[in-house]
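Me: Please take a close look at one part of the backbone that stands out to you, and then work outwards from there to the way the pieces of the assembly meet. I would rather have one connected account than a list.

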Amino acid sequence: MTNQTLAGTSGALSSALNINAGIIHAAFGSSPDLIHRDFQASLSNGTSVEGAVWYIEGMSNSTFMMQSLFSRGGSHSDCSTVEEWILYYKTRVITEGSVKMLHTFDELYDKLLDGHSILMLEGSSSALSVATKEVKARSVEEPNVQSVVRGPREGFTEVLGWNTAMLRRKIANPTLWFESTTLGTVTKTTVAVAYVKDLVAPAVLDQVRERLAQIDIDGVLESNYIEEYIQDKTFTPFPTVFNTERPDVVAAALLEGRVAIMVDGTPFVLLVPALFTQFFQSSEDYYQRADFSTLIRLLRFAAFFLATLTPSFYIAISTFHQEMLPTTLLYNLASQREGVPFPAFIEALIMEVTFEILREASVRMPKTIGQSISIVGTLVVGQAAVDAGLVSAAMVIVVSITAIANFVLPAFNMGIAARIIRFGLMLLAASFGLYGVFLGIIAIVLHLCSLRSFGVPYMSPMAPFIMGDQKDTLFRIAIPRMKNRPRSLHPKKLRRQK
Amino acid sequence: MMRKPRISRLAPALLCLLLLLPLAGCWSRHELNDISIVVGMGIDKKNGRYQVSAQIVNPGQVTQKKNGGGSFSPVVTYQASGLTIPDALARMTVKAARDLYLSHLRILILGEEIARGGISKPLDFISRNRELRTDFFLIVAKNASASEILDMYSPIDPIPSNSLFTKLETSDNTWSATGKVTLDRLIQDLSKEGKGPALTTIELIGKPQAGEKISSAQNINPAVVLKYDGMAAFKYDRMAGWMDENDARVLNFIQNSTYMTTLTAPCPGSKGLVSYQVLRSKAKIRSLAPDEFEVVLHTQQDIADIGCRLDITDPSTLSALTKAADEKLEAMMNKTIRKLQKQLKVDVFGFGDALHRQNPKEWHKIKDWNREFETAKVKVKSVSTIRRIGTTIKSMEDEIKK
């Protein structure tokens, strides 16, 4: 109903063409992308009737429609009335797939904004909408963020229809259901909830529907708008909603009984429930042999610990617990620290913040000058800072290993969590040493155990421990042996195989 | 479902938590460049006061690689005297540039006077201090003060204490004639009634003054050498006397701390010597009666060298070689045990301990074990096994005479 207030009109179409035209033009504020084309339609009694066609430039391709309209000079002489003419035109002339009669301005605006062309004749209070929609969008490309060595190369696009088709192609089964809703009072963004009807956990699906229904927002431009509304707990650095731009990941998740939320206009699809271990799994884990995948997965967990703990451990050990270092290493570290003016914590902070700045810069800056930034970054942050005596060489190594380990995580948002935690732990390490670090770790573990994603404990299948799900948690055993779906997700059918 | 963060409620709690961090004041924090790493410590006694020397590493000089090495010495030794050891260490801070950090102590040298006067008093501080680990070696300086030993430059390893540490470790692993004693071992032995402690001895060969300059480390043939030489036997916490190399080896055999050693015995039936490499050894003390013991030493050996004509392919030769080794080992053990019974009059082997364990009733009747030990009968028995003969069959001597 907001459309009416925005357009300042209401109700049904008028039979006077110029009144309708005036209302439409007023509603769009005479925007130049609204194209208005007048024509004359001839009736059998020899009179000609004023007619008009509207469409939005760039959203529709009305060439065929215009050709059919003007091919015979608009003369369909066997029609005696305006209604007859429209009906004849609709059933015999038009070649486009979807054609519909409209009676209200609301319908008209929706169709017009969806790329349809609207045809109206003087003396008729109904309009004809013709599906001349033409989508101008990025074609299907290889995903940029979640790339793999082996595996499908296609990624989602910004067009919802193409994305659902990609999913349909992966799961060629009528039990793959999409539920479509429109979110955003102004943007009217289409949001589709996808699930496999025979597998999805009903409780999770109800939760998704309920939470989506409660969203009150003017615009949805990316799936994160929805993510922030539907996530269980907002006060946590850990993501409780998974996002991916890979159709194969979504298909795999749907087969496990998860629910996907697809938003028109973004290639990133949300998956719920999202568990902690899911963020350490890459789709490639299933495209490489099980032994290799298991090792890589363990490596990712190790990298997560490195990314969160290395600087705090370094600070704690080098300022509180020097007795833990091998003697020769202590000489080395001590000689490097000679002449460094700051405490280890400040030193670490300088390097970490510098690195964060460099990373942020390299994400935002134009690609053409990326080279120069990386040169400045390596030279300034690496060698020069050490030579200038601002930081010790060991600290550069610590920060580098932390940074590299952070990029091992396949999920970017879990990497962000690691970054946030890292700074907190560094502060604890500087104040209390390893005692503080371990208190921090305990607090984080408690927090992780308190989290839930759509009713599923975040740390499952580790806490609560589910033996069967261990086949695909830390380890990834051979696919023929994964006979069951993850029990922690409560799928309708547990058995994967017969 | 929408859940708003309850920041209004969380904020005060978070603030309080954050305040904890600065309030803690980084207690006991010391940056790496605020500490002096003590690697060696010497304790002497002079005029009734403890004279403590601490060897401190200058890390920049130890690890400097690109600037061509510094002109400063890699270590500095400070000395201070005090009524007690902590007193002396506290007084040392007026000389040393930074806080003394004791966790990385590699070696603790006790002067002979301290050793003879009783080591329990200085050891109390050493075992009580929370910074000190227990993995450093304790040694006794022979014919020199502890500070003189610490003042010597060492070739190859720029840190003398480190050199002393590794020297002791390697020699103990391959020769087993020195014995390495760490703090926990020493305290254990000190608290035992039936086993006296024994500490490694270090000796200085050459003029002490010549070794104090860095130039002494530039000679190919060093003017002064620090050498481990046997052990010092202790009766309770007082040193009873020196044990020579042979005694130390026997002690290591009997208390099962031999890792690997070399044994030389005369050739069976002809002139010349045979060397054995002892790879495994296991000794057992059996108490037969309160004053009668039997030591059985099982060893496994390789033949390392044959210096005479021997047909080693003949099985009887091997048994003769085994017998020669047994005789040698038994002679060594007999000699040392007699020496400790008659001369030093202290049981460092743990015979009393064996009695305590195997016959506690009899043990509790004994008042002064060391006196009983003097007259105890000890039978020794060696059971050697020769495992390998090496990569040649005939000896070199044999080859040439053909």
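Reply: H490(A) sits in the segment after strand 12 of chain A, and what draws the eye to H490(A) in this predicted model is its backbone, since phi is near 50°, a positive value in a residue that is not glycine. For comparison, most residues other than glycine have a negative phi, and most peptide bonds are trans. The surroundings of H490(A) contain 17 other C-beta atoms within 10 Å, and H490(A) is therefore partly exposed.

The segment after strand 12 (456–457) of chain A also holds P464(A), and here the point of interest is the peptide bond: A463(A) and P464(A) are joined by a cis bond, with omega about 5°. A cis bond is likewise found from V272(A) to P273(A), where omega is near -10°. P273(A) belongs to the loop that runs between strand 10 (269–272) and helix 10 (290–319) of chain A.

That loop leads to the domain layout of chain A, which is assigned as domain 1 (2–130), domain 2 (160–274) and domain 3 (286–456). The C-alpha centres of domain 2 of chain A and domain 3 of chain A are separated by 33 Å, and their contact takes 13 residues from domain 2 of chain A and 13 residues from domain 3 of chain A. On the side of domain 2 of chain A that touches domain 3 of chain A, the largest share, 3 residues, is supplied by helix 7 (residues 202–213) of chain A. Sorted by class, that side of domain 2 of chain A has 8 nonpolar, 3 polar and 2 charged residues.

Within domain 1 (2–130) of chain A, L17(A) is worth a stop, and its place is in helix 2 (residues 17–27) of chain A. L17(A) and E122(A) are 105 residues apart in sequence, yet their C-alpha atoms are 4.7 Å apart in space. If neighbours within four places in sequence are set aside, the contacts of L17(A) are E50(A), A52(A), M120(A), L121(A) and E122(A). Is L17(A), with these partners, buried or partly exposed? The threshold for burial is 20 or more other C-beta atoms within 10 Å, and L17(A) has 19, which means that L17(A) counts as partly exposed.

Chain B offers a counterpart to the starting point, because Y236(B), which is not glycine, has a positive phi near 50°. Y236(B) is located in the loop between strand 8 and strand 9 of chain B, and with 14 other C-beta atoms within 10 Å it is partly exposed. The two strands that flank this loop, strand 8 (225–235) and strand 9 (238–243), are, together with helix 7 (160–174) of chain B, the elements that give two or more residues to the side of domain 1 of chain B that touches domain 2 of chain B. Strand 8 of chain B provides the largest share of that side, 6 residues.

The two domains concerned are domain 1 (31–243) and domain 2 (245–402) of chain B, and their C-alpha centres lie 32 Å apart. In this contact 23 residues of domain 1 of chain B meet 27 residues of domain 2 of chain B, and by class the side contributed by domain 1 of chain B has 8 nonpolar, 9 polar and 6 charged residues.

Turning to a pair of helices in chain B, the axes of helix 9 (residues 245–254) and helix 10 (residues 315–344) come within 9 Å and cross at roughly 105°, so helix 9 of chain B and helix 10 of chain B are roughly perpendicular to each other. From helix 9 of chain B, the residues N246(B), D247(B), R249(B) and V250(B) meet M332(B), M333(B), K335(B), T336(B) and K339(B) of helix 10 of chain B. By class, this contact has 3 nonpolar, 2 polar and 4 charged residues.

What remains is the junction of the chains, where 27 residues of chain B are in contact with 28 residues of chain A. On the side of chain B, at least two residues each come from helix 1 (7–24), strand 1 (35–46) and helix 2 (59–63), and helix 2 of chain B gives the most, with 4 residues. The side of chain B that touches chain A has 13 nonpolar, 8 polar and 6 charged residues.

Note on methods: Residues are numbered from 1 along each chain as its sequence is written. Chains are lettered from A and ligands numbered from 1 in the order in which they are written. This is a predicted model: local features need pLDDT of at least 70, side-chain atom pairs count only at pLDDT 80 or more; totals for chains, interfaces and linings use all residues. Domain bounds come from an automatic or database domain assignment. Two residues are in contact if their C-beta atoms, placed from the backbone, lie within 7 Å. Ala, Val, Leu, Ile, Met, Phe, Trp, Tyr, Cys and Pro count as nonpolar, Asp, Glu, Lys and Arg as charged, and the others, Gly among them, as polar. Axes are lines fitted to C-alpha atoms, for helices over the stretch in contact, and angles run from 0 to 180 degrees between N-to-C directions. Angles under 35 degrees count as roughly parallel, over 145 as roughly antiparallel, 65 to 115 as roughly perpendicular and the rest as oblique. A residue is buried if 20 or more other C-beta atoms lie within 10 Å of its own, exposed if 12 or fewer, and partly exposed in between; C-beta atoms are placed from the backbone.
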